[in-house]
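Student: I'm new to this one and would like to learn how to read it. Could you walk me through it?

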Amino acid sequence: MNNRNQMNLKLQKEFLGFLERDNENKNENKNENENENENDNKKILKKEKEKKIKQKKKRKRHNEKEKEKEKEKEKEKEKEKEKEKQKQKEKEKEKEKEREREKEKERKNEKKELKIKIKKSHNKQWSDRIYNILTADSNCKNDCKYCYMKAMKNRFFQTDLEDFTLRVNEKKVNKGWRNNKSKPKLFMFPSSHDIFDQIVDDYIHVSKKIIFAGNEVLIVTKPSLVCIKQIINQLSNFKKKILFRFTITSDDQDILDYWEPNAPSFEERLNCLKLCYKNGFNTSVSIEPYLKFPNTLIKKITPYINDYIWIGSMSGLNTMKNIKIDEKKRLNTLYHFDNTLKLVNEFKNNKKIIFKTSIMSKIINNL
């Protein structure tokens with residue numbers, strides 16, 4: 001009995017020990033399994049994480065590629081735009097060149113037409129004959145600085161240019177005139193001196209002789225009212241035989257005072273023009289030499305002109321002595337080809353204006 005009990009106890013102890021060891025083994029296996037599971041989970045998480053990182057990188061690379069593609073597309077578009085712009089610019093350049101060619105063609109045609117017009121309509125002479133009644137050694141009291149007669153008298157007659165005594169050539173005053181049976185001749189009288197109150201009676205006397213001989217008179221003067229009133233009164237019956245041509249070179253009195261120190265003022269000359277026009281005479285004006293751009297002067301005199309306005313420039317300016325340097329510079333600028341062309345273009349369609357040789361030759365030779 002005791003032996004059995006002991007055997008049972010022993011078996012029981014062994015069984016319990018077995019169970020305990022089995023439990024321990026189970027626990028160990030369980031822990032190992034848990035550890036393995038945990039490791040597996042970690043691996044899975046790690047793989048998932050790595051996968052996500054890879055996917056993220058892949059998406060990033062894809063996006064970058066897409067951006068690059070977009071950039072390339074934009075660049076291509078910009079290039080296309082640039083090409084279009086370049087093409088447009090080239091087209092505009094070509095159009096501009098074409099316009100320039102057309103303008104140049106027009107300019108050439110205008111110049112050609114201008115040459116023809118100047119030659120045709122401005123190649124006119126003042127008169128058929130000239131006449132004077134003062135002696136060659138007499139000086140004009142107007143004392144104009146640009147006067148061509150001063151140089152001639154000084155050169156050929158050794159005239160004292162400070163002596164303004166008027167010496168009448170009696171032979172020319174008393175000359176008999178034959179009747180002109182052919183076409184009437186137009187006499188420019190005077191041509192080398194002016195009309196002054198000291199000689200106006202002789203002037204009227206000779207003018208009547210010229211007219212009675214079947215001719216006409218072109219009265220050229222820087223007019224004074226005293227003389228013009230006498231001429232109008234004495235020659236009023238011969239209006240169709242007379243053409244007044246008054247020399248008015250500027251409407252600026254300061255300029256006239258310098259260049260024409262003893263000549264009548266601008267206002268006096270303008271009043272003479274008005275008086276002749278109102279009394280029914282043929283009137284014209286010579287703006288030679290024009291001493292400033294004549295647009296304002298032309299505007300003032302045109303209402304009293306029924307013939308022509310003649311415009312010419314000064315000759316021999318740069319060889320003149322005792323002329324202010326500033327005045328020479330001013331007039332050289334005024335007479336420069338560009339300004340001369342501007343003058344001609346401004347008045348080329350004015351039917352009352354004729355350009356003299358000094359302007360005609362400059363335009364024709366330089367166009």
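Tutor: Sure. Let's begin with a word we'll need: a residue counts as buried when its relative accessible area is under 20%, and as exposed when that area is over 50%, with partly exposed in between. Keep in mind that this is a predicted model.

Student: What share of the chain counts as buried?

Tutor: Of its 367 residues, 32% do. As for the surface, the accessible area of the chain comes to about 24,600 Å², and carbon and sulfur atoms account for 48% of that.

Student: How many helices and strands should I look for?

Tutor: You'll find eleven helices and seven strands in the chain. For the fold as a whole, take the contacts between residues at least 6 apart in sequence: 77% of them join residues at least 24 apart.

Student: How do I read a single helix?

Tutor: The general idea is that an α-helix has 3.6 residues a turn, so residues three or four places apart point the same way. Now try helix α11, residues 357-366, where the buried residues are Ile359, Met360 and Ile363. Looking down the axis of α11, these buried residues fall within an arc of 100°, so they line one face of the helix.

Student: What is exposed on the other side of α11?

Tutor: Thr357 and Asn365 are exposed there.

Student: What about disulfides, how many are there?

Tutor: In general, a disulfide is a covalent bond between the sulfur atoms of two cysteines. This structure holds zero of them.

Student: Why does cysteine 276 have no such bond?

Tutor: Because its closest cysteine sulfur, in cysteine 272, is 6.7 Å away, which is too far for a bond; the cut-off for a disulfide is 2.5 Å. Using our earlier word, cysteine 276 counts as buried because its relative accessibility is 0%.

Student: And where is the closest cysteine sulfur to that of cysteine 147?

Tutor: In cysteine 140, at 6.4 Å, so that pair is too far apart for a bond as well. Cysteine 147 has a relative accessible area of 24%, so the label here is partly exposed.

Student: Let's try a charged residue. Is glutamate 327 buried or exposed?

Tutor: Glutamate 327 is buried, because its relative accessible area is 15%. You'll find this glutamate in helix α9, which covers residues 325-334.

Student: Which residues does glutamate 327 meet?

Tutor: Setting aside neighbours within four places in sequence, glutamate 327 is in contact with Tyr258 and Trp259. The side chains of glutamate 327 and arginine 330 are also joined, by a polar contact of 3.0 Å.

Technical notes:
Residues numbered from 1 in each chain as written. Predicted model: local features only at pLDDT ≥ 70, side-chain atom pairs only at ≥ 80, totals over all residues. Heavy atoms only, no water. Buried < 20%, exposed > 50% of the residue type's maximum accessible area, 1.4 Å probe, protein only. Helix = DSSP H or I, 4+ residues; strand = E, 2+ residues; numbered from the N terminus. Arc of directions from axis to C-beta. Contact = heavy atoms within 4.5 Å. Areas by Shrake-Rupley, 256 points an atom, 1.4 Å probe, with all protein chains shown as cover. Polar contact = N/O pair within 3.5 Å; in protein donor to acceptor, adjacent residues only side chain to side chain.
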